[in-house]
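Ready for some practice in reading a protein model? Please look over the sequence and the 3D view, then try each exercise before you read its solution.

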Amino acid sequence: SLIEDYAVIGDCHTAALVARNGSIDWLCFPRFDSGACFAALLGSEEHGRWLLAPAGEIRDIRRHYRDGTLVLETDYETADGVVTLIDCMPPRSREPDLVRVVAGKRGQVRMRMELVIRFDYGSITPWVRRTGTGIRATAGPDTLVLSSGVALRNQDFRTEAEFTVAAGQRVPFVLQWHPSHEPEPALIDADATITATDEWWREWSARCTYEGPWREAVVRSLITLKALTYAPTGGIVAAPTTSLPEHLGGVRNWDYRYCWLRDATFTLYALMLGGYMEEACACREWLLRAVAGKPSQLNIMYGLSGERRLTELELPWLPGYGASAPVRIGNAACE
């Protein structure tokens, strides 16, 4: 997929990129700067992804966000009918959740699911065990739990399923992350979670004070900027991705999952113009904590909590998104 074909969903702690074909190709749990468990964006499907899509030929794809929200809906039309894929990440209570629901609109559509979990940017294949509602995948400090009512099967170190969705039917999938040494979180209700997420974002969007002719576009932009905020500290990341070159074949492929002071300033100004002073105050407090010290020690960027030591690593197993240089994470060299 081209980068412009991706939509973003998030919970103000991290974010996922969803391709038009129904594949989540980028996701870092539990924070923006954590190691990715889906890294197909920088490599291939072997480096982790979560696909939900019609099994047969797709005639048409239409996608949109629900008004005033970060709840994504993708409509797939096939020869046999129409289904809608609903994707969202609910506002964080404790651990992160990712909810996907396939809703039948017309006819009967054969669907397929492929879940490839590869922790640490595609380098670690987890141990996978069946549970009463799905599977549990664990490696090192990370555990992902997939819950669904469809029959799952293991094939070549990936989890697959095929199922049919009829008009009026809804098939939910819930992916939950938790530290591997802690108990599994309680299962959430997918439809109730989507409703709550929808209401949370609509309430937030309604606070926008801009009333000009481009309100819809302005609100959509502000929602995207809000999704880049890290709620626990007030920091604002420049982007939810890393290692994407500024142009294909180029070497300028920095890690933008950090708080670059220049970028955050522009974001902060836009939020203030929209009337979001709470975010502005949180960002100011983050800034005061992050820059504390001698003026000569001021950095151009900091971690989500104000970290200064952002070690740079190269990931030789990832081919990169059209870059000729190795994939880099971190920003020790950020001239």
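Below are four exercises, each with a worked solution. The model is predicted: local features need pLDDT of at least 70, side-chain atom pairs count only at pLDDT 80 or more, and totals for chains, interfaces and linings use all residues. Residues are numbered from 1 along each chain as its sequence is written, and side-chain values use heavy atoms, with hydrogens and water left out.

**Exercise 1. Find which residues of helix H4 are buried and what they pack against.**

Solution. Start with the terms: helices (H or I, at least four residues) and strands (E, at least two) are DSSP runs, numbered from the N terminus. Next, check the length of H4. The expected span is 1.5 Å times one less than the number of residues. For the 13 residues of H4 that gives 18 Å, and the end C-alpha atoms are indeed 18 Å apart.

Now look for buried residues (under 20% relative accessible area; exposed is over 50%, partly exposed in between, with a 1.4 Å probe and protein chains only). In H4 these are Leu 261, Ala 264, Thr 267, Leu 268 and Leu 271. They lie on the same side of H4, because they cover an arc of only 125° around the axis, taken from the directions from the helix axis to the C-beta atoms. The face turned away from them carries the exposed residues Arg 262, Phe 266, Tyr 269 and Leu 273.

Last, list the partners, using contact as heavy atoms within 4.5 Å. The buried residues of H4 pack against H2, H3, S17, S18, H5 and S19. After the helix comes Gly 275, with a positive phi near 95°.

**Exercise 2. Work out where the buried residues of helix H5 lie around its axis.**

Solution. H5 covers residues 277–290 and reaches 20 Å from its first C-alpha to its last, close to the 20 Å expected. Its buried residues are Glu 279, Ala 280, Cys 283, Trp 286 and Ala 290. Their arc is only 125°, which puts them on the same side of H5. Among the elements covering them are helix H2 (190–205), helix H3 (215–227) and helix H4 (261–273).

**Exercise 3. Describe the surroundings and partners of strand S12.**

Solution. Begin with burial: seven of the seven residues of S12 (142–148) are buried, so the strand is largely enclosed by the rest of the structure. Then sort the directions: Asp 142, Leu 144, Leu 146 and Ser 148 point one way, while Thr 143, Val 145 and Ser 147 point the other.

Turn to pairing, which needs at least two DSSP bridges between two strands. S11 (134–139) runs antiparallel to S12, and six bridges join them; Gly 134 has Ser 147 as its bridge partner. These strands form a hairpin with two residues between them, and Gly 140 in the turn has a positive phi of about 60°. S15 (170–179) also pairs with S12 in the antiparallel sense, over seven bridges, and here Leu 144 is matched with Trp 177.

**Exercise 4. Decide how many disulfides there are, and how far Cys 12 and Cys 283 are from the nearest cysteine sulfur.**

Solution. A disulfide is a pair of cysteine sulfur atoms within 2.5 Å. The whole structure has zero. For Cys 12, the nearest cysteine sulfur is that of Cys 88, 13 Å away. For Cys 283, it is that of Cys 259, 7.7 Å away. Cys 12 is buried, with a relative accessible area of 3%, and Cys 283 is also buried, at 5%.
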